Amino acid sequence: MDLSTQLCGIRLRNPVIPASGCFGFGLEMAGEYDLNCLGGISLKGTTLEPRFGNPCPRIAESGSGMLNAVGLQNPGIHALVDEKVPALRKVFDGCIIANISGFSLEEYAACCRVADSCPDIDIIELNISCPNVHGGGMAFGTDPHQAAAVVSAAKAATAKPVFVKLSPNVTDIVAVARACEDAGADGLTLINTLRGMRIDIKKRRPVLANVTGGLSGPAVLPVALCMVRDVRRACRLPIIGCGGVDSAETLVEMMMAGADAVQVGAGNLRNPYVCKEIAEALPELAQRLGINSLKEIIACTI
């Protein structure tokens, strides 16, 4: 049974990848279990300069999911490549994905240049879809022309494979995906969180200090599956599927929709061992479903 997969020629022992923002920099869980049971790790979103993030409260519960408005709190790209990634590589031999955000084309390009200098980073993931920051993030991901401009700037700054994390908060995600492909993207990650809010009816004001946040968790799985399938039908790029996956079964669903690998996000916050458990459950599920190789099921619904 072959449970490996590939992203731009990079072999992953399995398709399980903790999503950016839900697994820190990997090191936080290194003492809890052997990270080498994972196919890859997408690191916490990083900007050029350190960021404190949004004011609290930043998290709100919702039915079948959660809202977050953390606001890209991170130590900056130089701390990532000088400290975080080298430390992670000492305990993890899988695919390391640097998730990069910016507030201008120049900032995206500058971050990519720094990441390009780090030999232990395998893939750069451009976050053009974060709904929790102002003046950047999702603003680049909702317009095909802006998305293409970010991809072009990034590709000019790095020789590493560039994946683009797409926003579901658009009327036509396929148009954005095609624009990224035409601009030279090497792959796509989808979906990021859906914009939403909760209201404290006793205080008569929004629960989140940021007012709105990004909805993740099981509630977004049907949306993610549909969008992954739509983009897979329209583009030839490899896809990392993300959104509501919290079991081996939902991971297989995501691959059948068209994903080559799968990120697990909010599930990590409810159960820090969920990625390990999915990786461990995958062989038995594959055997039960008669799957000899994951290549058999990728995009099988198209």
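**Helix α6 in the predicted model.** Helix α6 runs over residues 221-234, 14 in number. From its first C-alpha to its last it reaches 20 Å, close to the 20 Å expected at 1.5 Å a residue. This is a predicted model.

**The buried residues of α6 and their cover.** Leu221, Ala224, Leu225, Met227, Val228 and Val231 of α6 are buried. An α-helix has 3.6 residues a turn, so residues three or four places apart point the same way. The cover over the buried residues of α6 includes two helices, α5 (173-182) and α7 (248-257). Strands β10 (187-190) and β15 (239-242) are also part of that cover.

**The largest nonpolar core.** This core has 81 residues. Leu126, Leu166, Leu188 and Leu190 have the most contacts inside it. Helix α9 (residues 274-289) gives the most to this core, with seven residues. A second, separate core has nine residues, among them Ile123, Phe163, Ile240 and Ala261.

**Surroundings of Leu126.** Residues up to four places away in sequence are not counted here. Leu126 touches Ile100, Tyr108 and Cys112. Its contacts also include Val150, Val151 and Ala154. Val162, Phe163, Val164 and Lys165 touch Leu126 as well.

**The largest pocket.** The largest pocket holds about 790 Å³ of space. Strands β5 (59-62), β6 (65-68), β14 (213-216) and β16 (261-264) each give two or more residues to its lining, as does helix α8 (267-270). The lining has 42 residues. Ser20, Cys22, Asn68, Thr193 and Ser216 lie nearest the pocket centre. By class, 17 lining residues are nonpolar, 20 polar and five charged.

Terms used:
Residues numbered from 1 in each chain as written. Predicted model: local features only at pLDDT ≥ 70, side-chain atom pairs only at ≥ 80, totals over all residues. Heavy atoms only, no water. 1 Å grid on protein atoms, 1.4 Å probe; cavity = no way out; pocket = protein on both sides within 12 Å on 5 of 7 lines; lining within 4 Å. Points joined across faces, edges and corners; volume = space filled by probe spheres on them. Helix = DSSP H or I, 4+ residues; strand = E, 2+ residues; numbered from the N terminus. Nonpolar A, V, L, I, M, F, W, Y, C, P; charged D, E, K, R; others polar. Core = buried A, V, L, I, M, F, W, Y, C linked by side-chain atoms within 4.5 Å. Buried < 20%, exposed > 50% of the residue type's maximum accessible area, 1.4 Å probe, protein only. Contact = heavy atoms within 4.5 Å. Expected span 1.5 Å × (residues − 1).
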